[in-house]
Amino acid sequence: MSTQAIKKVGFVGLGIMGSRMARNLARKGFEVTVWNRTRSRAEPLRAEGIKLAGTPAVLASEVDAFCSCLSDPPAIREVVFAKDGLLTGSKAGQLFIDFSTVSPEFSRELEAGATRQGLDFVEAPVTGSKTGAEKGTLLMMVGAKAQALERAQPVLQAVGEKVIHCGPVGAGSQVKLAGNALISMMRQVKKAAAERGRDPDQLISVMRCLVNRTDERLDDATRAVTHGTWDQIADDARKMADAGVDEIFFDVAFQKDAQSRDGLLRYMERFREMVGAGAAV
Ligand SMILES: NC(=O)c1ccc[n+]([C@@H]2O[C@H](COP(=O)([O-])OP(=O)(O)OC[C@H]3O[C@@H](n4cnc5c(N)ncnc54)[C@H](OP(=O)(O)O)[C@@H]3O)[C@@H](O)[C@H]2O)c1
């Protein structure tokens, strides 16, 4: 694979996250070319001097590295694998970074497609939402071979401030989804506490203490947060659902994956399988 420095970067998917990430790449000195399905969303970037490509294939043919930040696997399939998709225009030695939130299996499918074309592939789902994308302070949970990540670092550092290398492709998605699950649970527990007349801020203070505690005398609750296994988390989810906390896991973080209590339980089971029975979170 090429070790050439990356100067020209392509970006497909100019939604809430992607439009801001593409702008930060341009601000940090990369020559940026963008493409978006709905062209009108790309026009403001053109007005700022960023180049627009006619198709994802054309974009890929003009850059050293290309990135995507798209809604979901169907959108990514269309943009990556279609006749005028990214892979069609790509050349061996390029780097492909996907910032979308997807399953580990889907990320591996992308890696296989990229590898067939002789590309380096990095999965880098992000957290930090619109503000993080705007300010360039995103946290990235990366799954990649070490050499691919090394190449990607300048691009990653231009859109975010912290990179956690979780392991090979698939591991980044596992950690991202696991983080979503924990955030979602904390949100719902906070809501349940408020419904019982408790001050949600007190719970947040407790959570901060639990997560930050490093002493030897970890209590059970701390252990559940810091050393819990998916079995324990799934058990907790079941107990809470059984305790009748209504709509306990109807949450934006789960919308793609679990639309109901049953969906949640299936979701937790899937996590357990993905992470590996008994593996620590
Ligand atoms: N928003 C957040 O706070 C946040 C935080 C962390 C991670 N994420 C993840 O980041 C990714 C992007 O999120 P976002 O909030 O930026 O989403 P968004 O604002 O809804 O943008 C989605 C992008 O995907 C494109 N797209 C959707 N379907 C397509 C298709 N069939 N063909 C081609 N392009 C298609 C959209 O194009 P059009 O403009 O043509 O619709 C748009 O560029 C998602 O995987 C999300 O889970 C989001």
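1. Within helix H4, the residues Ile76, Val79 and Val80 are buried, and they lie on the same side of H4, because the arc they cover around the axis is only 90 degrees. This can be related to a general feature of the fold of a helix: an α-helix has 3.6 residues a turn, so residues three or four places apart point the same way. Please keep in mind throughout that the model is predicted.

2. What do the buried residues of H4 pack against? Their partners are strand S1 (8-12), helix H3 (56-61), strand S4 (65-68), H5, S5 and helix H6 (104-116).

3. H4 also takes part in the surroundings of the ligand, giving four residues to the shell, which is the most that comes from any element. Two or more residues of this shell are also given by helix H1 (16-27), strand S7 (126-127) and helix H7 (129-135).

4. Around the ligand there are 23 residues, of which Gly15, Met17, Arg37, Thr38 and Ala75 come nearest. Sorted by class, the shell consists of nine nonpolar, ten polar and four charged residues.

5. A last point concerns Lys91, which is found in the loop that runs between helix H5 (86-89) and strand S5 (95-98). Is Lys91 buried or partly exposed? Lys91 counts as partly exposed, because it has 13 C-beta neighbours inside 10 Å, whereas a residue needs 20 or more to be called buried. Although Lys91 and Asp64 are 27 residues apart along the chain, their C-alpha atoms are separated by 9.0 Å.

Technical notes
Residues numbered from 1 in each chain as written. Predicted model: local features only at pLDDT ≥ 70, side-chain atom pairs only at ≥ 80, totals over all residues. Buried ≥ 20, exposed ≤ 12 C-beta atoms within 10 Å, placed from the backbone. Near = placed C-beta within 6 Å. Nonpolar A, V, L, I, M, F, W, Y, C, P; charged D, E, K, R; others polar. Arc of directions from axis to C-beta. Contact = placed C-beta atoms within 7 Å.
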